[in-house]
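This briefing goes through one chain by topic. It starts with the overall picture and then turns to individual elements and contacts.

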Amino acid sequence: MSDTALSDPFEQARAVADAVLYEGCLLYPYRASAAKNQLRWQFGVLVPPAYANDALGEYTWCQTQLLAEPRPGARLHWRLRFLQAQSRTVETDSADGWRPVPSAEVDGIMHLPFDETVEHSVDLVLTPADLIGTPDHVHSFTIPGTTETEQLSRSIRVHRERHPLHGELRLHAELLPGPHGVLRLTATVTNHTEARKGTFTSLFVEEGHLLNASPDAPQVGGLARPEALRYSLIAAHSVFALTAGNFVSLLDPPEWAKTAVQECRNVRTWPVMLGPEGSREVMLSAPVILYDHPVVAPESPGDMFDALEIDELLVLRTLTLTDEEKRQVRATDPRGGALLGRAETLPPEVFERLHGAIRQLRPAPAAEPADVFGTDRPWWDPGADASVDPATDSVVIDGTAVGRGSRVRLHPGGRRSDAQDMFLVDRVATVQAVLLDVDGSTHLAVTLDDDPGADLQILQGRFRYFAPEEVTVVSA
């Protein structure tokens with residue numbers, strides 16, 4: 001549904017909304033064979049009921065609640081955006097007919113199976129005042145399925161398939177008491193797509209065993225997530241715009257609206273202001289937490305499909321890919337090929353901008369007195385503080401004094417957030433130092449006993465650090 005008066009706000013919002021839409025679509029190293037590209041789309045996935053009923057933490061719906069101050073005659077435009085997965089299989093002609101294969105090459109170009117994406121949007125334009133005191137406005141939509149075949153040679157072809165999707169937009173408006181004429185809008189998106197359980201389409205996986213199932217494997221059990229994604233609304237997010245009037249920030253509401261804001265319930269999505277700083281006509285409800293008026297960094301040369309990463313880091317890593325890996329990237333997805341081409345041709349002046357930027361400068365505070373702790377000794381200089389010595393200090397663990405040279409078994413605790421800790425569970429390490437910090441906490445600096453690089457770590461003074469309660473003493 002077109003609406004010229006409302007088109008500009010959506011164009012202004014497109015850069016940020018696109019970053020949400022393609023987050024996780026393709027992750028470094030951008031190869032289909034990489035394990036992380038077999039576990040795609042962790043945010044904003046509205047799965048079909050057949051999968052939601054079996055899965056833990058995957059749902060068919062999300063709900064946005066926001067506050068609006070529409071002026072008389074105002075129209076509300078709700079645009080739902082999402083991706084639809086399109087399975088791409090490479091097939092060869094055999095005696096039994098066309099059969100999927102892990103890869104094929106035609107005229108020196110590699111072709112790989114992968115799930116491509118097709119972008120969709122569903123629009124709803126209403127007059128908010130007409131919704132007050134009426135039943136929920138429900139708008140059902142259908143995205144048709146398609147199949148396409150691209151013949152690459154007499155014996156090799158690419159087959160693409162999209163399953164039909166069925167969804168629903170539901171909008172409810174409630175006039176809140178008070179003089180401001182504020183509406184609480186409740187917008188719910190639901191995936192009603194029917195998906196057949198027990199289906200499983202195999203994909204060749206080079207790393208791991210996530211999807212490496214034979215196409216002839218018996219179809220048992222529930223719907224697997226890779227297949228469920230093909231019946232899902234992926235990276236679903238909504239953009240709301242008013243032709244006249246404003247929305248209320250849920251992050252920084254005016255005093256009179258704070259109670260109403262606290263009563264809003266947003267489920268698996270979070271609305272923030274969109275557009276230039278200070279504007280309040282457009283809101284983005286995304287499956288990730290953003291601040292009001294988010295923007296894409298002007299230094300970013302293009303989408304890296306991982307907004308939590310650093311562009312410079314990803315570009316540098318991309319440039320380290322081998323020729324064979326780059327060949328696989330180009331065969332995986334056109335977006336990956338474009339990213340690779342951009343990284344390889346990035347002008348030096350653009351690359352230099354990725355080193356960092358200063359957004360705001362503030363006057364430096366007046367210099368503090370030098371002796372703020374009432375001591376003449378340098379701050380935490382082990383050489384000047386004879387009360388501590390990491391080389392000889394010890395800490396008692398389970399009745400045993402543990403110091404430099406002690407051997408311990410590692411049990412990383414729940415307070416830690418480094419995913420790498422999973423590889424350290426139950427590993428045996430040697431304590432290289434016992435350290436006491438300014439808060440009075442004790443830390444053990446350790447090296448892994450079976451780490452061939454331990455000597456280098458000791459030489460450089462780079463260790464892994466654990467609290468005493470995260471280790472047990474290994475008997476001599």
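Helices (H or I, at least four residues) and strands (E, at least two) are taken as DSSP runs and numbered from the N terminus. On that basis leucine 223 is placed in the loop between strand 11 (183–191) and helix 3 (225–229). The model is predicted, and its chain holds nine helices and 22 strands.

**Overall picture**

- Of the 476 residues of the chain, 47% count as buried.
- The accessible surface of the chain is about 25400 Å², and carbon and sulfur atoms account for 53% of that area.
- Among contacts in the chain with a separation of 6 or more, 68% are between residues 24 or more positions apart.

**Confidence**

- The average pLDDT of the chain is 87, and 88% of the residues score at least 70.
- Residues 1–5 have a pLDDT under 50 throughout, and the model gives them seven contacts beyond four places in sequence.
- The pLDDT is also below 50 over residues 199–220, a stretch with 40 contacts in the model beyond near neighbours in sequence.

**Leucine 223 and its loop**

- Leucine 223 has a relative accessible area of 6% and is therefore buried, since the cut-off for buried is under 20%.
- The C-alpha atom of leucine 223 is 5.8 Å from that of tyrosine 51, although the two residues are 172 residues apart along the chain.

**Strand 12 and its partners**

- Nine of the nine residues of strand 12 (residues 234–242) are buried, so the strand is largely enclosed by the rest of the structure.
- Strand 12 runs antiparallel to strand 2, and seven bridges join the two.
- Strand 12 also runs antiparallel to strand 15, here with four bridges.
- Valine 239 of strand 12 stands opposite arginine 79, and its bridge partner in strand 15 is leucine 284.

**Helix 6**

- In helix 6 (residues 323–332), the buried residues are Lys326, Gln328, Val329, Ala331 and Thr332.
- These buried residues pack against three strands and two helices: strand 2 (76–94), strand 5 (109–111), strand 6 (114–126), helix 5 (311–319) and helix 7 (334–344).
- Lysine 326 forms a salt bridge with glutamate 344, with the closest N and O atoms 3.1 Å apart.
- Lysine 326 belongs to helix 6 and glutamate 344 to helix 7, so this pair ties together parts 18 residues apart in sequence.
- The relative accessible area is 11% for lysine 326, which is therefore buried; glutamate 344, at 37%, is partly exposed.

**Other salt bridges**

- The salt bridges number 26 in total.
- Glutamate 69 and arginine 280 form one of them, and their closest N and O atoms are 3.4 Å apart.
- Glutamate 69 lies in strand 1 (residues 61–70), while arginine 280 lies in the loop between strand 14 (270–274) and strand 15 (282–286), so the pair links parts that are 211 residues apart in sequence.
- Glutamate 69 counts as buried because its relative accessibility is 18%, whereas arginine 280 is partly exposed with a relative accessible area of 31%.
- Arginine 160 forms a salt bridge with glutamate 116, the closest N and O atoms being separated by 2.9 Å.
- Arginine 160 is in strand 9 (residues 156–162) and glutamate 116 in strand 6, so the pair joins parts 44 residues apart in sequence.
- Arginine 160 and glutamate 116 are both buried.
- Arg14, Asp18, Arg81 and Glu119 are joined into one network by salt bridges that share partners.

**Nonpolar surface patch**

- Leu251, Tyr291 and Val295 make a nonpolar surface patch of about 320 Å².
- Leucine 251 sits in the loop between strand 13 (245–247) and helix 4 (258–262).
- Leucine 251 has a relative accessibility of 43% and so counts as partly exposed.

Conventions: Residues numbered from 1 in each chain as written. Predicted model: local features only at pLDDT ≥ 70, side-chain atom pairs only at ≥ 80, totals over all residues. Heavy atoms only, no water. Buried < 20%, exposed > 50% of the residue type's maximum accessible area, 1.4 Å probe, protein only. Contact = heavy atoms within 4.5 Å. Patch = residues over 30% accessible without salt bridge, like charges linked within 9 Å, V, L, I, M, F, W, Y side chains within 5 Å. Areas by Shrake-Rupley, 256 points an atom, 1.4 Å probe, with all protein chains shown as cover. Salt bridge = Lys/Arg side-chain N within 4 Å of Asp/Glu carboxyl O. pLDDT = per-residue confidence, 0-100. Pairing = 2+ DSSP bridges.
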